[in-house]
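This briefing introduces a protein structure to a reader who has not met it before. Please keep the sequence and the model in view while reading.

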Amino acid sequence: MLIPLTVALLTYNRSHYLREAMEGILAQTYRDFEFLILDNGSTDDTPAVVLGIHDRRIRYVRNPPGLEVLFNGISALKIARGKRIIITHDDDVMQPTMLAKQMAIMDAHPGMTAVWTNTGTIDQDGNTIQEYFTPPGHDRIYGRGEFIARFPSENLWPLPSTMMFARERYPQRQMDRLYYDQELGKRLPKTHGGDDVLIPALMNTFGPVAFLNEPLLKYRKHGAQDSNRTHLSLGIVNTYKTLRRFAGKLPERDQVAPLLDSHIARFTAQHEIIHTTAPQPTPAARAKLKKLFDKACGALERNSEAAPPLLPLRIFLSQTRKYGDEIFQALAAPGAEHPTATHALFHWARMLQAGGNLLAALPAHSNIVILGSALVSALLINEARAHNLNVLCCIDSNITRQDQTMLGTPIRPPEWLASQGKAVDYVILSSERDQDAYLHEFIHSLNKDAKTLSWKDLALDQECCPHQPSRPVSN
């Protein structure tokens, strides 16, 4: 007899978090599920933690050491016995009613193929960082193809630990290929940033999907996560290319394609810029970026919502050479439905157009560090140099970026900041997500003397008083 649900928990060498994750699952008010624990060859006391908890629903599968993380996840799909499946992780904690509320909405809509939930964010010690990952609001049900069509503008990123979906809809051929060819996972590039979207997008090609806005899982942020070992940009580019392929089947494809193309252009440009080691791209590279931008702008007349993803590239081109594009000069300000970062990028672009500088409030010759090494960080490097600030480095927890150079600026691990004392005047936060409160605390834990500033706050603060000279930042 088919089990209604499989809850698959992926674990590796996190016994200190594992017990809390298991207890959160076993305490669910919905109880008709198998609990599949897949251990990717842990060398700590993970087996003792699992075997020390007795519940008839538990199936413990211990893989041999040396297998890729990808294999652990595919194993869950392959050996699960549930009609539906949710694949969660050993450092996240479910709230007691999470599974019940997900099962209820899927049961109420028989054609529904997937549902995920909002999350809260906690630090490594379980302290709350954010109550909501996605701002509070209404639950959303997307009709077939609607999530794909609306994702580029809504930018509603699912968290995989909350993703419940119809297991039968996952392509069997792809599952078998990844499961039986264990060397394939080693050959695939370690990319990150977009795969979380592909499961709900794939499911949305078959039927409706839903998002529950209540934060029903505590997502733990800490330095040992896999995202800190994966490459930026290319994974997201591939994700948007996959979404564009999905969108080709939709009636709204002529409206959706420009949105996806602008994201492809933005992250292709990001890859080019953040891997530029010299202080500026070569003339040939700059021409390539301008061509990429102009091509993406060509579709804005069909859908003006395709403009916001291109704002960072427009800013970069304006920084390196004055660039007047008529379409963007006439672009209306973002609406309330757009995230904070989009508003900040819009006003930054307007500021540059008027001859301003985002970092003009900082005293010249200050020593600054930029937290992050993605596209906004590159824009901040250019802005700092134009205002005669000393950019000591970028700091990034992603080990693939450490000891690299971006636009002539070294990239250091976070521990570097802890050794600098009062040598650093300001740390500029480059994140586009609304997680600045957590990042302020993170920087303070490394260096209590450095002052932290958010690029979004700087952009929006100067927008409030656009005709006033920038005031110095207080100590």
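The points below concern a predicted model and are grouped by topic. A search of the whole structure finds 18 salt bridges, and an open sheet of 6 strands is present as well.

**The open sheet**

- The strands of this sheet follow the order β13-β14-β12-β11-β15-β16, and their pairing is mixed.
- The edges are held by β13 (405–406) and β16 (451–454), each of which has a single partner strand, so one side of each lacks a neighbour in the sheet.
- Strand β11 (residues 367–371) is mostly covered, since 4 of its 5 residues are buried.
- On one side, β11 runs parallel to strand β12 (residues 390–395), and 5 bridges join the two.
- Within this pairing, V369 has C393 of β12 as its bridge partner, while I370 is partnered in β12 by C394.
- Strand β11 also pairs with β15 in the parallel sense, over 4 bridges.
- I370 has a bridge partner in β15 too, namely I428.
- From strand β15 (residues 426–429), Y426 and I428 point one way and V427 and L429 the other way; all of them are buried.
- The pairing of β15 with β16 is again parallel and comprises 4 bridges, with Y426 standing opposite K451 of β16.

**Salt bridges between separate elements**

- Side chains of opposite charge can pair when their charged atoms come close.
- One such pair is R84 with D107, whose closest N and O atoms are 2.9 Å apart.
- R84 belongs to strand β4 (residues 82–89) and D107 to helix α4 (residues 98–108), so this salt bridge ties together parts that are 23 residues apart in sequence.
- R84 is buried, at a relative accessible area of 10%, whereas D107 is partly exposed, at 48%.
- Another pair is D436 with K456, where the closest N and O atoms are 3.3 Å apart.
- D436 lies in helix α17 (residues 436–446) and K456 in helix α18 (residues 455–464), so the pair connects parts that are 20 residues apart in sequence.
- Both D436 and K456 are buried.

**A salt bridge within one helix, and its network**

- R150 and E154 form a salt bridge in which the closest N and O atoms are 2.5 Å apart.
- These two residues are separated by about one helical turn, because they lie 4 residues apart in helix α5.
- R150 is partly exposed, with a relative accessible area of 31%, and E154 is likewise partly exposed, with 24%.
- The pair belongs to a network of salt bridges that links R140, E146, R150 and E154.

**A positive surface patch**

- R144, R169, R245 and K249 form a positive patch on the surface.
- R144 is located in the loop between β8 (140–142) and α5 (146–154).
- The relative accessibility of R144 is 61%, and R144 therefore counts as exposed, the cut-off for that class being over 50%.

Methods:
Residues are numbered from 1 along each chain as its sequence is written. This is a predicted model: local features need pLDDT of at least 70, side-chain atom pairs count only at pLDDT 80 or more; totals for chains, interfaces and linings use all residues. Side-chain values use heavy atoms; hydrogens and water are left out. Patches are made of residues with over 30% relative accessible area and no salt bridge: like charges are joined within 9 Å, nonpolar side chains (Val, Leu, Ile, Met, Phe, Trp, Tyr) within 5 Å. Accessible areas come from the Shrake-Rupley method with a 1.4 Å probe; for residues, only the protein chains shown count as cover. A salt bridge is a side-chain nitrogen of Lys or Arg within 4 Å of a carboxyl oxygen of Asp or Glu. Lys and Arg count as positive and Asp and Glu as negative; His and the chain ends are not counted. The place of a charge is taken as NZ of Lys, CZ of Arg, CG of Asp or CD of Glu. Buried means under 20% relative accessible area, exposed over 50%, partly exposed in between (1.4 Å probe, protein chains only). Two strands pair if DSSP finds at least two bridges between them.
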